[in-house]
Amino acid sequence: MEIFKGLVTFFSKHYWFLLLIVVFISYGQILGMYVWKDDNAIFFKFTHLSEPAGYLGTGLFGGGPYRFSVTPYWFVYKIFGYENTVPFYVLTLFFYFLATFSVYKLFSQIISEKVGKLAGFLFAAGYIGSEGFMWLASSMIQSVSIILSSITLILYYLYSVKGKLYLFFLSLLFYFLTIQITPVRVHYLILVLILFDFFWIRKDLKIRSLLLFLLRTLVMTSIFFWVYTGLSDQRTTLVV
């Protein structure tokens with residue numbers, strides 16, 4: 001009984017460690033997986049960087065909506081080669097944990113610590129988009145998009161609470177990074193920010209409050225159009 005109480009106390013103080021354990025239970029099996037589906041295109045790019053390899057684009061950073069898909073894996077390849085796939089899946093597992101932790105922090109910040117712990121635990125359990133996180137070609141994109149989106153929303157929330165202009169500009173910076181690095185997974189984020197601004201930050205229906213809301217919306221949508229109109233993938237340009 002004392003051991004159980006000690007574990008509860010430990011995990012209450014170090015909740016991230018509990019999330020790490022749940023993530024490993026949920027997705028630790030991927031460390032024994034091999035490449036499948038579009039993962040083969042990722043591995044092809046390691047030795048053919050100048051070739052587009054379908055949707056990935058040319059060069060180390062690629063292009064289009066799937067830009068940077070190869071970039072993190074290429075560095076793993078340069079260190080470990082590609083005969084052993086475990087290091088690639090270790091990388092995706094680590095970033096999935098970071099995505100889980102960011103979900104926990106986002107809901108803890110905006111709603112409450114208790115809700116944040118519940119949201120983080122449910123996300124860590126692997127019920128949400130599990131196949132995508134087992135798939136090298138999409139795992140990093142999804143995890144990084146969740147991490148950057150969460151940071152963007154946390155900063156925007158802090159701006160709404162503290163009213164500090166630098167927090168607004170920081171949130172804009174991370175919003176730009178989010179849609180620049182992982183555009184194919186975050187075309188919806190602009191709507192989340194606008195709705196959050198309208199229902200949370202906008203004080204009332206007075207002219208000044210509405211003008212400030214429209215000004216913030218104009219800045220965000222300008223960044224959105226700037227990034228998305230330059231993409232060649234129909235699925236993302238249709239959003240515009």
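A residue counts as buried when its relative accessible area is under 20%. By that standard, 46% of the 240 residues of the protein chain are buried. The model is a predicted one. The chain holds 12 helices and zero strands. Two salt bridges turn up in a search of the whole structure.

**Overall build**

- From the N terminus on, the elements run α-α-α-α-α-α-α-α-α-α-α-α.
- The C-alpha trace spans about 65 × 60 × 25 Å along its principal axes.
- Take the contacts between residues at least 6 apart in sequence: 64% of them join residues at least 24 apart.
- The accessible surface of the chain is about 12,900 Å². Carbon and sulfur atoms account for 71% of that surface.
- The chain carries 18 positive and 10 negative charges. The mean positions of these two sets lie 14 Å apart.

**The nonpolar cores**

- The largest nonpolar core has 40 residues. I42, F43, F46, Y73, F88, F123 and L136 touch the most other members.
- Several elements give two or more residues to this core: α2, α3, α4 (71-80), α5, α6 (113-124) and α8 (136-162).
- Helix α5 gives the most, with nine residues.
- F43 is in contact with V35, Y82, T85, F88 and L136, leaving aside its neighbours within four places in sequence.
- Another core, of 27 residues, lies apart from the one that F43 belongs to. Its members include L155, Y175, I190 and V227.

**Helix α3, an enclosed element**

- Six of the eight residues of α3 are buried, so this helix is largely enclosed by the rest of the structure.
- The buried residues of α3 are D39, A41, I42, F43, K45 and F46.
- These buried residues pack against α4, α5 and α8.

**Two threonines in helix α5**

- T92 sits in helix α5, which covers residues 86-110. T100 lies in helix α5 as well.
- T92 has a relative accessible area of 2%. The cut-off for buried is under 20%, so T92 is buried.
- T100 has 0% relative accessibility, so T100 counts as buried.
- T92 touches I30, Y73, L136, S139 and M140, with residues up to four places away in sequence not counted.
- T100 touches L19, V23, G120, F123 and A124, again not counting residues up to four places away.

**Salt bridge between E131 and K37**

- The side chains of E131 and K37 meet in a salt bridge, at 2.4 Å from N to O.
- The pair links distant parts of the chain, 94 residues apart. E131 is in helix α7 (residues 130-134). K37 is in the loop between α2 (15-27) and α3 (39-46).
- Partly exposed is the class between under 20% and over 50%. E131 has 40% relative accessibility, so E131 counts as partly exposed.
- K37 has 42% relative accessibility, so K37 also counts as partly exposed.

**Salt bridge between R216 and D197**

- R216 forms a salt bridge with D197, and their closest N and O atoms are 2.6 Å apart.
- R216 lies in helix α11 (residues 207-228) and D197 in helix α10 (residues 189-201), so the pair ties together parts that are 19 residues apart in sequence.
- R216 and D197 are both buried.

**E51, a loop residue**

- E51 is in the loop between α3 and α4.
- E51 has a relative accessible area of 35%, so E51 is partly exposed.
- E51 is in contact with F44, K45, G57 and T58, leaving aside its neighbours within four places in sequence.
- E51 and G62 are 11 residues apart in sequence. Their C-alpha atoms are 9.5 Å apart in space.

Key. Residues numbered from 1 in each chain as written. Predicted model: local features only at pLDDT ≥ 70, side-chain atom pairs only at ≥ 80, totals over all residues. Heavy atoms only, no water. Salt bridge = Lys/Arg side-chain N within 4 Å of Asp/Glu carboxyl O. Helix = DSSP H or I, 4+ residues; strand = E, 2+ residues; numbered from the N terminus. Buried < 20%, exposed > 50% of the residue type's maximum accessible area, 1.4 Å probe, protein only. Contact = heavy atoms within 4.5 Å. Core = buried A, V, L, I, M, F, W, Y, C linked by side-chain atoms within 4.5 Å. Areas by Shrake-Rupley, 256 points an atom, 1.4 Å probe, with all protein chains shown as cover. Lys, Arg positive; Asp, Glu negative; His and termini not counted. Charge placed at Lys NZ, Arg CZ, Asp CG, Glu CD.
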